Amino acid sequence: MYDAPGQDGRWTVIDNIGTLVTNDPEAGDGPLGLIHDAAVVMGDGLVQWVGPRSRIPEGSAGSRYDLRGRAALPGFVDSHAHLVFGGERAEEFAARMTGAPYGAGGIRTTIAATRAASDAELGANVARLVAESLHSGTTTIETKSGYGQSVPDELRSLEVAAAHTAETTLLAAHVTPPEFAGRSDDYVQMVIDEMIPKCAPHARWIDVFCEEGAFDADQSRAVLEAGIAAGLTPRVHGNQLSYGAGVQLAVELNAASVDHVTYTTDADVAALAASDTVATLLPGADFSTRNKYPDARALLDAGATVALAADCNPGTCYTTSIPFCIALAVREMHMSPDEAVWAATAGGAAALQRTDIGHIRVGARADLIALDAPSHLHLAYRPGVALVREVWKDGYRR
Ligand code: NIG
Ligand code: FE
């Protein structure tokens, strides 16, 4: 950390921004609220002023960063990650790339490795991945449990996650663990009777994997309803590997988000468009499993709210890079570069039901990134290039 913004009336000024994405249509051009030749003043961890640099308020002294015409935008909001795990599955990935199919059963490999890991090992893994994601511009990251699938292992997963983010999710029903093999209803009952009561105080969200090979609609509904009764807000992994009930269940329960959304019917798209549930697309997972990509155009054209997230996990998608996901969304899912940048910032904030992040407006968290490029369009235009040059989180340069 370098700055101590706001403490003694000294502000941090980010000046000479070539193109600033505010995500505030009232502040600038188009849906991204673009301001050219912009400046942002930060203090006390918040955005204090934003506008054309010719109008920076008097007395905005303090640290000044001259971006020399580079682009700036809100920090990425990665609303879907599984960072608490032991081991890795590079061999499984290699086998998949030479023809083996992906199945939810691979999750059990990571359950075994996670149960065998110490708290310190799990914590070091989360710290490493949070640092990696920050480096590529992610200033808010959600993270899930889900590789414990026992009360003590889910509990410690959430405790480890909570040391790094307030956005913690109890992924109580990810896959039936080996000791419940052939008895998934018994596992669901244990989740409802024991796991949720013990773990709910350590989480903000409840999540399930509603998919063939994982949990069916009735099991998923039972887990989510128990989570809601314990004060958690639902989100759903659904329609990742096949058509299924996940999207409709998420809408029925007014979930914050349904994630993956790769196999959708017209009815699924219509239901999402008519709901407040965000469709969170995870193209990195589809890339690394050689899946088809979600029909982002159908969702956007119908009026659904779309978020993009990285889904970092050791099985289906071992990347923390939101710029990579933006490039995939544009090239493979026909999102415009503007739509993809919105989905990875304001869309992620919507999926986490947060109004303080995902935009650059007075009073927002001072989470801002600068690119080594003149505009946000370069995120998709220059795939694979590390364009994120500076990151400010809570007004601090990281
Ligand atoms: O989001 N879909 C379920 N869960 C993870 C993958 C888990 C794994 O394979 O380890 C996902 O893709
Ligand atoms: Fe996931």
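Is Tyr243 buried, exposed or partly exposed, and how many C-beta neighbours does Tyr243 have inside 10 Å?

**View 1. Tyr243 in the loop between β11 and α7 of this predicted model.** Tyr243 counts as partly exposed because 13 C-beta neighbours lie inside 10 Å, a number that falls between the limit of 12 or fewer for an exposed residue and that of 20 or more for a buried one. Leaving aside its neighbours within four places in sequence, Tyr243 is in contact with Tyr263 and Thr265. Leu20 stands 223 residues from Tyr243 along the chain, and the C-alpha atoms of these two residues are separated by 39 Å.

**View 2. The parallel pairing of strands β11, β12 and β13.** Strand β11, residues 233-238, pairs with strand β12, residues 257-260, in the parallel sense over four bridges, and Val236 has Val258 of β12 as its bridge partner. Between these two strands the chain passes through helix α7, residues 246-252, in a β-α-β crossover that is right-handed. Strand β12 also pairs in the parallel sense with strand β13, residues 278-281, over three bridges, where the bridge partner of Val258 is Ala279. The path from β12 to β13 runs through helix α8, residues 266-273, and this β-α-β crossover is right-handed.

**View 3. The residues around ligand 1.** There are 13 residues around ligand 1, and among them Ile107, His237, Ala285, Gly315 and Thr316 come nearest. Sorted by class, this shell has four nonpolar, eight polar and one charged residues.

**View 4. The positions that an unreviewed UniProt entry lists as "binding site".** The entry places this feature at Tyr147, Asn313 and Gly315; although these positions are spread over 169 residues of sequence, they cluster in space, with a largest C-alpha distance of 11.1 Å. Tyr147 is found in the loop between β8 and α4, and Tyr147 is buried because 32 other C-beta atoms lie within 10 Å. Apart from neighbours within four places in sequence, the contacts of Tyr147 include Val84, Phe85 and Thr110. Gly315, in the loop between β14 and α11, is likewise buried, with 25 other C-beta atoms within 10 Å. Not counting residues up to four places away in sequence, Gly315 touches Arg89, Gly106, Ile107 and Thr110.

**View 5. The span that UniProt lists as "domain: Amidohydrolase-related".** The record, an unreviewed entry, gives residues 72-376 for this domain. The end C-alpha atoms of the span lie 7 Å apart, and the span is 43% helix and 15% strand.

Notes. Residues numbered from 1 in each chain as written. Chains lettered and ligands numbered in written order. Predicted model: local features only at pLDDT ≥ 70, side-chain atom pairs only at ≥ 80, totals over all residues. Pairing = 2+ DSSP bridges. Right-handed = clockwise from strand over helix to strand, strands pointing away. Near = placed C-beta within 6 Å. Nonpolar A, V, L, I, M, F, W, Y, C, P; charged D, E, K, R; others polar. UniProt positions renumbered as here; feature names shortened; annotations may be inferred. Contact = placed C-beta atoms within 7 Å.
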